[in-house]
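The following exercises are to be worked through with the sequence and the coordinates at hand. Each consists of a task and a stepwise solution.

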Amino acid sequence: MPLLKNVRTALWFVAVPVLAGLSASVLAHEPVTRARTPIHIPDLPGHVTLKCDFHIHTVFSDGLVWPSVRAEEAWREGLDAIAITDHLEYQSHKADLSTNHNRSFDIARSAGADLDLLVIKGPEITRKMPPGYLNAIFLTNSTSLAVTNWRDATAAAHQQGAFIFWNHPGWEAQITNGLTLAAQKTVLLAVAGKTATEKGRKKLNLPYTVTNFLIGPDEPLPVTIDLVVSFTPASTK
Ligand SMILES: [Zn+2]
């Protein structure tokens with residue numbers, strides 16, 4: 001069939017240049033352009049101003065993003081430091097991923113090292129109110145916080161020198177769900193590393209942080225400003 005043969009030949013002559021063009025552009029694995037958008041907040045004398053996000057989830061709890069991608073997007077948005085705070089008690093993708101409470105941090109830290117991004121280990125302690133949701137960051141081992149009683153979890157965090165903060169003090173669903181003044185005091189004392197029976201401690205001197213529910217990709221990152229004397233985990237704490 002000459003006609004069919006001619007059509008095949010014509011298609012071949014079209015296909016070869018098209019594939020050649022693809023190999024030059026798409027198939028050549030050319031480096032993707034990476035861009036960081038800096039956040040311009042000036043340093044103060046003797047200090048470095050770090051832009052941070054201390055509340056981030058990955059696929060290792062209820063997030064939809066691999067830990068190394070979290071590091072990459074934080075770097076692109078101009079952040080200097082992040083904390084990986086996956087839930088210990090809630091793993092949406094448990095059927096697909098092993099329960100290793102330190103793994104998401106390890107992956108993000110490796111990616112962050114290539115970007116000069118400081119990555120901090122800190123799981124989220126997740127309970128009904130009280131105490132609600134707490135982040136315990138600057139940990140060395142998240143697994144020791146995977147216990148039933150939340151007071152044991154905060155105690156284990158304090159043993160590792162954690163900085164603990166209450167994630168959602170303005171979350172109406174939790175405030176109206178039995179948050180009495182006594183419960184609030186109990187939580188704040190636990191966050192501050194004190195026992196609930198301590199009397200007369202009125203000023204807890206807790207700092208401000210901003211957090212969100214970062215789950216999916218490309219969500220806007222909140223920024224906590226941290227003035228440090230050097231770009232190290234110890235100074236950031
Ligand atoms: Zn969270």
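**Exercise 1. Determine which strands helix α4 lies across, and describe the sheet that they form.**

Solution. The model is a predicted one.

Step 1. Locate helix α4 at residues 150-159; this helix lies across β4, β5 and β6 and runs at about 165° to β4.

Step 2. Establish the strand order. The three strands form an open sheet in the order β4-β5-β6, and their pairing is antiparallel. The edge strands are β4 (124-126) and β6 (163-166), each of which pairs on one side only. From one strand to the next, the twist averages 25°.

Step 3. Examine the pairing of β4 with β5 (residues 133-137). These antiparallel strands are joined by three bridges, and E124 has N135 as its bridge partner in β5.

**Exercise 2. Characterise the pairing of β2 with β3 and the connection between these strands.**

Solution.

Step 1. Count the bridges: strand β2 (residues 81-84) and β3 run parallel and are joined by four of them. Within this pairing, A81 is partnered with L118 of β3.

Step 2. Follow the chain. From β2 it passes through helix α3 (residues 103-115) and then enters β3, a β-α-β crossover that is right-handed.

Step 3. Inspect the two faces of β3 (residues 118-121). L118 and I120 point to one side, V119 and K121 to the other; all four are buried, and both faces of the strand are thus covered.

**Exercise 3. Identify the residues that touch the most other members of the largest nonpolar core, and list the contacts of A157.**

Solution.

Step 1. The largest nonpolar core holds 40 residues, of which I82, V119, L134, A136, I137, A157 and I164 touch the most other members.

Step 2. Place some of these residues. V119 belongs to β3 and is buried. A157 falls within the range of helix α4, residues 150-159, and I164 within that of β6, 163-166.

Step 3. Set aside residues up to four places away in sequence. A157 then touches A136, L139, L145, A162 and I164.

**Exercise 4. Are P233 and P217 buried, partly exposed or exposed, and which residues distant in sequence do they contact?**

Solution.

Step 1. Begin with P233, which lies in helix α7 (residues 233-236). P233 counts as partly exposed because it has 14 C-beta neighbours inside 10 Å.

Step 2. Find the contacts of P233. Apart from neighbours within four places in sequence, P233 is in contact with L118, I120 and F138. The C-alpha atoms of P233 and V119 are separated by 8.4 Å, although these positions lie 114 residues apart along the chain count.

Step 3. Turn to P217, in the loop between α6 (181-191) and β7 (224-228). P217 counts as exposed because it has 12 C-beta neighbours inside 10 Å; the cut-off for exposed is 12 or fewer.

Step 4. Find the contacts of P217. With neighbours within four places in sequence left aside, these are L64, V65 and V69. P217 and G63 are 154 residues apart along the chain, and their C-alpha atoms are separated by 8.6 Å.

**Exercise 5. How many helices and strands does the protein chain contain, and what share of its contacts joins residues at least 24 apart?**

Solution.

Step 1. The protein chain has seven helices and seven strands. Read from the N terminus, their succession is α-β-α-β-α-β-β-β-α-β-α-α-β-α.

Step 2. Consider contacts between residues at least 6 apart in sequence: 68% of them join residues at least 24 apart.

Step 3. Of the 237 residues in the protein chain, 30% are buried.

Conventions. Residues are numbered from 1 along each chain as its sequence is written. This is a predicted model: local features need pLDDT of at least 70, side-chain atom pairs count only at pLDDT 80 or more; totals for chains, interfaces and linings use all residues. A residue is buried if 20 or more other C-beta atoms lie within 10 Å of its own, exposed if 12 or fewer, and partly exposed in between; C-beta atoms are placed from the backbone. Two strands pair if DSSP finds at least two bridges between them. A crossover is right-handed if, with the strands pointing away from the viewer, the path from the first strand over the helix to the second runs clockwise. A nonpolar core is a set of buried Ala, Val, Leu, Ile, Met, Phe, Trp, Tyr and Cys residues joined through C-beta atoms within 7 Å. Two residues are in contact if their C-beta atoms, placed from the backbone, lie within 7 Å. Axes are lines fitted to C-alpha atoms, for helices over the stretch in contact, and angles run from 0 to 180 degrees between N-to-C directions.
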